[in-house]
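Dear colleague,

Here is the structure I promised to pass on to you. Please open it beside this message, and read the notes that follow with the model in view.

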Amino acid sequence: MDSITVLMTSPMSDYLETQLKDRFNLVKLWTYSSKTDFFKHNSHSIRAVVGNTKIGADAELIDSLPELEIVSSYSVGLDKIDLRKCQEKGIRVTNTPDVLTDDVADVAMGLMLAVTRRVCECDRFVRRGLWPKGDFRLTNKFSGMQVGIVGLGRIGSAIATRAEAFGCPISYYSRSEKPETNYKYFSNIIDLAVNCQILVVACALTEETHHIINCEVIDALGPEGILINIGRGSHIDEPELVSALLEGRLGGAGLDVYENEPEVPEQLFGLENVVLMPHVGSDTVETTDAMADLVIKNLEAHFLKKPLLTPVV
Amino acid sequence: MATPNHLGNHDHRSKELPQVLVLEPPPIMKFYGDQFLNDFQLLKAWESPLPLDQFLSIHAQSVKALLTPGRYPLTRNILQLIPSLQLVVTTSAGLNHIDLPEFQRRGIAIASAGDVYSEDVADMAVGLLINVLRKISAADRYVRKGLWDTKAEFPLGSKLCSKRVGIVGLGSIGQEVAKRLQAFGCRVMYTSRNKKPFVSYPYYSNVLELAADSDVLIICCGLTEQTRHMINKDVMLALGKEGVVINIGRGAIIDEKELVQCLVQRELAGAGLDVFENEPHVPRELLAMDNVVLSPHRAVHTPESLTAMCEHVKGNLEAFFSNKPLLSPVMNI
């Protein structure tokens, strides 16, 4: 298939890059000095785009690639892909669900434990040589805390299963109730926030869920409440989050995603009740390889006219 | 007006209440005071100007109960000065500060912390493990240093699901750890002094074989003569270059010098440690490593655990003085 030209939008995985180069004619968007330069050389040959959470396939890109047949995203999130345009033009879209569910759920749990038990702060305390001068303070018990999940999809459910093992009562807000679970459903997010101690954002980013965590939700969660975000930065009104943390209106936060990555509000750097990660929810050796394999398999299936493994459109 | 003295209560009450000797205040007293023990007369040795042996000779000859923290070694010499002692209540999860054979010889009962702390310690063990495998503290440092927007890429972590986790010591804490990690899809195995009859996890009779079959070892046992330096170089090499050690037991269960060498020489992938051989001192080499997570022996220190411990201590003392069974007697020394 090395006559088929595939565009990779940004550096996302050395392993994936090698696999794509071995099978296809690989074009790397970031090696071009300008968009015009890129479009001049390639627009008529590209039949597939491999995007990720940084650069997907927006309307401009799709419109400028007349031969585009498939977008295979190295992510489960689809917010960087213009799905409507793909549908209109008959362009297939695939993503990488399931293979990354465990890893992202693990990071959510890791953040919950790190914030409540101050694991990172303890680590800093020891490294700064403060222990001989006096003991570290008390931290809050995690087991049994009420956990509220926004979005009970694959990742939300995986988080719920893990938190249950700690004796945490689970409640959730979702587009629709899931009667097959025993978890308590709230039909609006404010009620969920009022009734939990830790609120975890685990839903997809859509127009409806943009800034779903706003001032009202943060106030409902309250000065003892903890917010965990392993979804997308734009789920949360970030300036509002920052001021709530600085003013003590929110008890703490564990964040893996931000509105303008890789920018992270610097006011958070001085806070001890916050744990910050650089969007690494699925970044393990095992999972990144599995995601890459899924991207490759979807592309091969498409060009061999076989059924796609994980189609979205 | 009666004045308070180091005997802990006003004089006019001291004759009515059962006496409890306290050599050094346990953490629960440091945080919450001693009101929870208002039904007892506390003999507070540390408040007396007298040296300990004199204090005990004068005031503790008929004392039957002792409340002790974990840091205070209860040796034969001290026991000789408290001849009427029948019960020691310890607030520590570990028993390594108690000369167990000597206590058994003298017929002194021991009331332990029971499982008051087990959930909190298990939470810390899991928190440390996820932190090491997914590099959470390292990630937090990376972001706060402003490195995300630079060429310095953050390294990949290691997946927790499907990891083979060897639990060393399947007591109350070990079982809470096992329950949690099963929910993450880990494969749990264990070693313990004895095989546990109603437990489905695979049992290993020795820690070396357990390590050879594990990706992670979590130390949940107590410190005894048998477990001192049980996690030695052979065990760590058997665990392997991708192996991770988590210690929420006692520092001396691990040969700390060997642990540091294995980490420096990359014979181990990482470690999460809440305890150390010579607390509060932590080996200098560990302070600079990105693949270790360090905690200052805080696994039990939540308000919830400490207030529960106040009730638990009170309950054990009340049981003893009313000739009822202790809440958490230590058996099978």
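A polar contact is a pair of N or O atoms within 3.5 Å, and within protein one of the two must be able to donate a hydrogen and the other to accept it. The side chain of Ser64(A) gives an example, for it reaches the backbone oxygen of Leu61(A) at 2.9 Å. Please keep in mind throughout that this is a predicted model.

Ser64(A) itself sits in the loop that runs between α3 (59-63) and β4 (70-73) of chain A. If residues up to four places away in sequence are not counted, Ser64(A) touches Phe39(A) and Ser43(A). With the second of these, Ser64(A) has a separation of 21 residues in sequence, while the C-alpha atoms of Ser64(A) and Ser43(A) are 6.3 Å apart in space.

As for the chain as a whole, chain A has 11 helices and 12 strands, and 58% of its 313 residues count as buried. Because a compact globule of 313 residues would have a radius of gyration near 20 Å, the 21 Å of chain A agrees with that expectation. The C-alpha atoms of chain A fill a box of roughly 65 × 50 × 30 Å, taken along the principal axes. Chain A also carries 30 positive and 44 negative side chains, and the centres of these two sets lie 3 Å apart.

A second place to look at is His279(A), which lies in the loop between β12 (274-276) and α11 (285-303) of chain A. Leaving aside neighbours within four places in sequence, the residues in contact with His279(A) include Thr53(A), Arg232(A) and, from chain B, Trp148(B). The side chain of His279(A) is also joined to that of Glu261(A) by a polar contact of 2.8 Å. Glu261(A) in turn is joined to Pro262(A) by a cis peptide bond, with omega about 5°, and Pro262(A) is found in the loop between β11 (252-255) and β12 of chain A. In chain B, the peptide bond from Glu279(B) to Pro280(B) is cis as well, with omega near 5°.

Finally, two residues other than glycine have a positive phi: His211(A), with a value near 55°, and Arg266(B), with a value near 60°. How exposed is His211(A)? Its relative accessible area is 25%, and since partly exposed covers the range between under 20% and over 50%, His211(A) is partly exposed. Arg266(B), in the loop between α10 (256-264) and β11 of chain B, counts as exposed at 66% relative accessibility.

With best wishes

Note on methods
Residues numbered from 1 in each chain as written. Chains lettered and ligands numbered in written order. Predicted model: local features only at pLDDT ≥ 70, side-chain atom pairs only at ≥ 80, totals over all residues. Heavy atoms only, no water. Helix = DSSP H or I, 4+ residues; strand = E, 2+ residues; numbered from the N terminus. Rg over C-alpha atoms; globule rule 2.2 N^0.38 Å. Buried < 20%, exposed > 50% of the residue type's maximum accessible area, 1.4 Å probe, protein only. Lys, Arg positive; Asp, Glu negative; His and termini not counted. Charge placed at Lys NZ, Arg CZ, Asp CG, Glu CD. Contact = heavy atoms within 4.5 Å.
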